[in-house]
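Let's take a walk through a protein together, going from the big picture down to single residues. Have a look at the fold before you read on.

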Amino acid sequence: MTKIVVSRQIPKDYIRQLEQLGEVVMWEESYEPMPRKHFLQELKEATACFITLSERIDQEVFEAAPHLQVIANMAVGYDNIDLDLARQYGVTITNTPDVLTETTAELGLTLLLTVARRVVEAERYVQNGEWQSWGPYLLAGKDLHGSTVGIFGMGAIGKAFARRLQGFNTTVLYHNRSRHDEAEAELNEQYVDFDTLLTESDFVVCTAPLTDATRDQFDATAFSKMKNEAVFINIGRGAIVDEDALVKALKDGEIGGCGLDVLRQEPIDMNHPILELPQAVVLPHIGSASEQTRNDMIQLCVDNIRGVLNEGQAVTEVKA
Ligand code: DGY
């Protein structure tokens, strides 16, 4: 018997497709993850599993699921999954690349402009009834045009972000573990070392995945090298940033502002000191959250499960 566990509520259309493959057990909550104990219990007989970033896939999971063939992760990032163990246990891991690239880049640009032009502060100012008159420097922010933008991570999302900057008359620098000659030519961007990216950029945008190499990349030293007016944007992963160092850099005026769509701990603890800083904008990890893209991500997960169960071949397998 084929059993498919789905760890969040997803629309019926997709469940119907999965039901063509086997029995489907779906957690009926859209905004709350399946409790761990329940998840492990359901996995005992499972052949396939549809998860989100909220599920940590470790030894305990693989031990609990002796029949598991495939885990479809509804995200392009897969730092929630121990890939070495997956290989050891012979479980195929899939992700959702490409379908979310443009949407995530759009959110990155939205966040950058929101911080640069102090949009959240301005909106609160109106809502709080503080708008009494016009002032020459009232809520004056920073221009994107004419600035230097440094992109850390030049994968698909980094490139889509750089493409969007082309209409803004900016100088684009990037740093990545490898150079992309084609992107440099097409997007008129310049490869620089990490220190140069930090010291030269007015906006530093992290689009990188979390790996052993990128963990804590943005630490106190990195922030101290950035311009005092610089804005830091993170649409990659929270653990790439030392958040204590970021808060200190903002408080000490070492950098000018930040926009985070990803955090080390999600959801954020409401006592997190960054929430008290007006120059910081924090979003609840909505990079890929357009309706169309979320539909596309779910469909790709379904296609991946179908591919593995029917043909032994995923559409987008994560290769470690
Ligand atoms: C991803 O796909 O990794 C994103 O962070 C989820 O929105």
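How far apart do the C-alpha centres of domain 1 and domain 2 lie? Before you reach for a ruler, keep in mind that this is a predicted model. The answer is 32 Å. As for which part of the chain goes where, domain 1 takes in 3-97 + 291-311, and domain 2 covers 101-282.

Let's start with an open sheet of five strands. Reading across, you'll meet them in the order β2-β1-β3-β4-β5, and the pairing is parallel. At the edges you'll find β2 (23-26) and β5 (92-94), each of which pairs on one side only. If you look along the sheet, neighbouring strands are turned by 15° against each other on average, ignoring direction. Helix α1 (residues 12-19) packs on this sheet and touches β1 and β2, with its direction making about 145° with that of β2.

Now zoom in on β3. On one hand, strand β1 (residues 3-6) pairs with β3 in the parallel sense over three bridges. Here Val5 has Cys49 of β3 as its bridge partner. On the other hand, β3 also pairs with strand β4 (residues 70-73), again in the parallel sense, this time over four bridges. Two bridge pairs to look for are Ala48 with Val70 of β4 and Phe50 with Ala72 of β4. How does the chain get from β3 to β4? It passes through helix α3 (residues 59-64), and this β-α-β crossover is right-handed.

Here's a handy rule: in a regular strand, side chains alternate between the two faces of the sheet. So what about the two faces of β3, which carry Ala48 and Phe50 on one side and Cys49 and Ile51 on the other? Those four residues are all buried, and both faces of β3 are covered.

Just before that strand comes Thr47, in the loop between α2 (36-43) and β3 (48-51). Is Thr47 buried or exposed? Thr47 counts as buried because its relative accessibility is 8%, and the cut-off for buried is under 20%. Leaving out residues up to four places away in sequence, Thr47 touches a whole crowd, including Met1, Thr2, His67, Val70 and Leu309.

Time for the other sheet. This open sheet has seven strands in the order β8-β7-β6-β9-β10-β11-β12, with parallel pairing. Why do β8 (189-191) and β12 (280-282) count as edges? Each has a single partner strand, so one side of each is left without a neighbour in the sheet. From one strand to the next, the twist averages 15°. Within this sheet, strand β6 (residues 148-152) runs parallel to β9, joined by four bridges. One pair to find is Gly150 with its bridge partner Val204 in β9.

Follow the chain on from β9 and you'll get to Thr214, which sits in the loop between β9 (203-206) and α10 (220-225). Thr214 is buried, with a relative accessible area of 10%. Setting aside neighbours within four places in sequence, Thr214 is in contact with Phe152, Ala208, Pro209 and Ile240. One of these, Pro209, offers its backbone oxygen, which the side chain of Thr214 reaches at 2.8 Å. For a last bit of perspective, find Gln299, which is 85 residues from Thr214 along the chain: their C-alpha atoms are separated by 30 Å.

Notes
Residues numbered from 1 in each chain as written. Predicted model: local features only at pLDDT ≥ 70, side-chain atom pairs only at ≥ 80, totals over all residues. Heavy atoms only, no water. Buried < 20%, exposed > 50% of the residue type's maximum accessible area, 1.4 Å probe, protein only. Contact = heavy atoms within 4.5 Å. Polar contact = N/O pair within 3.5 Å; in protein donor to acceptor, adjacent residues only side chain to side chain. Pairing = 2+ DSSP bridges. Right-handed = clockwise from strand over helix to strand, strands pointing away. Axes fitted to C-alpha atoms, helices over the stretch in contact; angles between N-to-C directions. Domains from an automatic or database assignment.
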